[in-house]
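Visitor: I would like to learn how the labels on a structure are earned. Could you take me through some of them?

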Amino acid sequence: MRNFLRFILGLILLGGVIGWIVTAPDPLSAADVPARDGDAENGEQVFFAAGCASCHSAPEAEGEDRLVLAGGRSFPSDFGTFFAPNISPDPEQGIGDWSERDFLNAVMRGVSPQGQHYYPAFPYGTYGRAEVEDIQDLWAFMATLPTDATPSRAHDVGFPFSVRRSLGGWKMLFSQDDWVVTGELAPELERGRYLVEALGHCGECHTPRNPLGGLQRDAWLTGAPHPSGDGRIPDITPAELTWSASDIANYLNDGFTPNFDSAGGEMVEVIANMSQLPASDRAAIAAYLRALP
Amino acid sequence: MKKLIVILAAGATLALPVATAVYSAAHSNPFSAHIAARQGQMNIQSFNIGVLGGMARGNTEYDADAAQTAADNLAALAMMDGRALWPEGSDNAALGDATRALPAIWEDMGAFGAEWQAYGEAVSGMQEAAGGGLEALQAAMGPLGSSCGSCHEDFRQSNN
């Protein structure tokens, strides 16, 4: 009997050790980061393509104020309410004292400079598919933005989701580096895929999630319940979205549907970003969406 | 026992229309005329924006006179004092599917008014640009679209 208890205790310890190992953060190594200076001009395009301001500008910020990344917007979900942090270059309240590698690890690996996992409300799962150079350029651009001294607000998340180490398990289960749409793609479709699946993180809202909050990649962009619990986010595959590629590209630029109704809800922020991109990028996104199965 | 069931069934049958009438009285919409007028205004705006947007997008050929007329129509509509169209209680929390106007409008009338003001300014910009060539019209579409979106973001229920 005593031997049996020892065996069980050993199993529990072993499980704990394995669990601790597999949930460990997985930061980038020095070899993953090219030695080059970021290009702030390209970084500005990455900034709009990645929609940083939509979450990190102050609530209700419009126009130039969207470049002040003071944080504070709230994101209700099944797991609790998340508050976007201050990511302005303020060294005290923002991320001004980070290194470039800290920033790359945050955006692409979901790991904080202190080695903690971030919650996947921050879409590092899809930003992880971006080119490292693009995120270096983004870092160079973000250093040029105004500082703001608003303190970040703590997330309102209950147990067990409050145990950040458990997010290592979540990442292991649901983080995938590979593309959803695979195979040989023409350059425009490849660019569209990069904008939709990596920087634009469209799937974070438009793809349904499983009960643990992992994206259901087999139902890619087919719409999902709104995380606030009110209404639905639409299916944007050709099965439901019957707009032409030029309708889609124009909508992302001027915010009007083909019938000249206007965009509403969260898409208003998305369009504020997309309208800053070159027309060729909006066309690439439209071509990608039209080519979905 | 059988008699009792018959009586209950008859009672239920008689009570049903009464219950239905009481229900619909409680849910009738005292603001249907206001909502129809609001939606009519939006539709006329959308129609005129469609004239401009069709040209901006290259779906129809640019026509300076037609563009100017559409922009002038938008300006005339924007001059209308529409405050009487938005009585308290005519929101989608009170009236359900009859409207997509969110209660947030009446929680912050000042912000709602400011959105209309900003829309008016975007329309003025379009009025100056529309007859001045396709490129000027195209440049004025973005500000117009974002002024529509800015209000709909906070004050209109998403339709999906």
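Guide: Start with a definition. A salt bridge is a side-chain nitrogen of Lys or Arg within 4 Å of a carboxyl oxygen of Asp or Glu. Keep in mind that this is a predicted model.

Visitor: What makes R156(B) and D261(A) a salt bridge?

Guide: Their side chains meet with N and O 3.0 Å apart. The cut-off is 4 Å. The pair therefore counts as a salt bridge. Between chain A and chain B the count is two salt bridges.

Visitor: How many salt bridges are there over all chains?

Guide: A search of the whole structure finds ten. R66(A) and E269(A) form a salt bridge, with their closest N and O atoms 2.8 Å apart. That value is also within the 4 Å limit.

Visitor: Which parts of the chain does that pair link?

Guide: Distant ones, 203 residues apart. R66(A) is in the loop between α3 and β1 of chain A. E269(A) is in helix α11 (residues 267-274) of chain A.

Visitor: What do chain A and chain B put into their contact?

Guide: Chain A gives 23 residues and chain B gives 22 residues. The area buried between the two chains is about 1700 Å². Carbon and sulfur atoms give 44% of that area. Three residues, D254(A), F256(A) and F260(A), supply 33% of what chain A buries against chain B. No other three residues supply more.

Visitor: Now the helices. Why are α6(B) and α7(B) called roughly antiparallel?

Guide: Helix α6 (residues 109-129) of chain B packs on helix α7 (residues 134-155) of chain B at an angle of about 170°. Angles over 145 degrees count as roughly antiparallel, so this pair gets that label. The axes are 9 Å apart. The crossing of α6(B) and α7(B) is left-handed.

Visitor: Which residues make that contact, and how do they divide by class?

Guide: From α6(B) they include F112(B), Y119(B) and M126(B). From α7(B) they include L137(B), M141(B) and F155(B). By class, the contact has 17 nonpolar, three polar and two charged residues.

Visitor: Why are α2(B) and α7(B) called oblique?

Guide: Helix α2 (residues 32-56) of chain B meets α7(B) at about 130°, with the axes 9 Å apart. Roughly perpendicular ends at 115 degrees, and roughly antiparallel needs over 145. An angle of about 130° falls between those limits, so the pair is oblique. The crossing is left-handed.

Visitor: Which residues meet there?

Guide: I49(B), L52(B), G53(B), M55(B) and A56(B) come from α2(B). Among their partners in α7(B) are L134(B), L144(B) and C148(B). The classes are nine nonpolar, two polar and no charged residues.

Visitor: What makes α10(A) oblique to α12(A)?

Guide: Helix α10 (residues 245-254) of chain A and helix α12 (residues 279-291) of chain A cross at roughly 135°. That angle is over 115 but not over 145, so the label is oblique. Their axes come within 8 Å. α10(A) passes α12(A) in a right-handed crossing. The contact has eight nonpolar, one polar and two charged residues. R282(A) and R290(A) of α12(A) are among the residues that meet α10(A).

Visitor: What is the peptide bond from F159(A) to P160(A), cis or trans?

Guide: It is cis, with omega near 5°. Most peptide bonds are trans. P160(A) lies in the loop between β3 (156-157) and α7 (166-174) of chain A.

Visitor: And what is the phi of E60(A)?

Guide: It is near 75°, a positive value in a residue other than glycine. Most residues other than glycine have a negative phi. E60(A) is placed in the loop between α3 (52-56) and β1 (74-77) of chain A.

How values were computed
Residues are numbered from 1 along each chain as its sequence is written. Chains are lettered from A and ligands numbered from 1 in the order in which they are written. This is a predicted model: local features need pLDDT of at least 70, side-chain atom pairs count only at pLDDT 80 or more; totals for chains, interfaces and linings use all residues. Side-chain values use heavy atoms; hydrogens and water are left out. Axes are lines fitted to C-alpha atoms, for helices over the stretch in contact, and angles run from 0 to 180 degrees between N-to-C directions. Helices (H or I, at least four residues) and strands (E, at least two) are DSSP runs, numbered from the N terminus. Angles under 35 degrees count as roughly parallel, over 145 as roughly antiparallel, 65 to 115 as roughly perpendicular and the rest as oblique. A crossing is left-handed if the near helix is turned anticlockwise from the far one by less than a right angle, and right-handed if clockwise. Contact means heavy atoms within 4.5 Å. Ala, Val, Leu, Ile, Met, Phe, Trp, Tyr, Cys and Pro count as nonpolar, Asp, Glu, Lys and Arg as charged, and the others, Gly among them, as polar. Buried area is the accessible area (1.4 Å probe) that two parts lose on being put together, summed over both.
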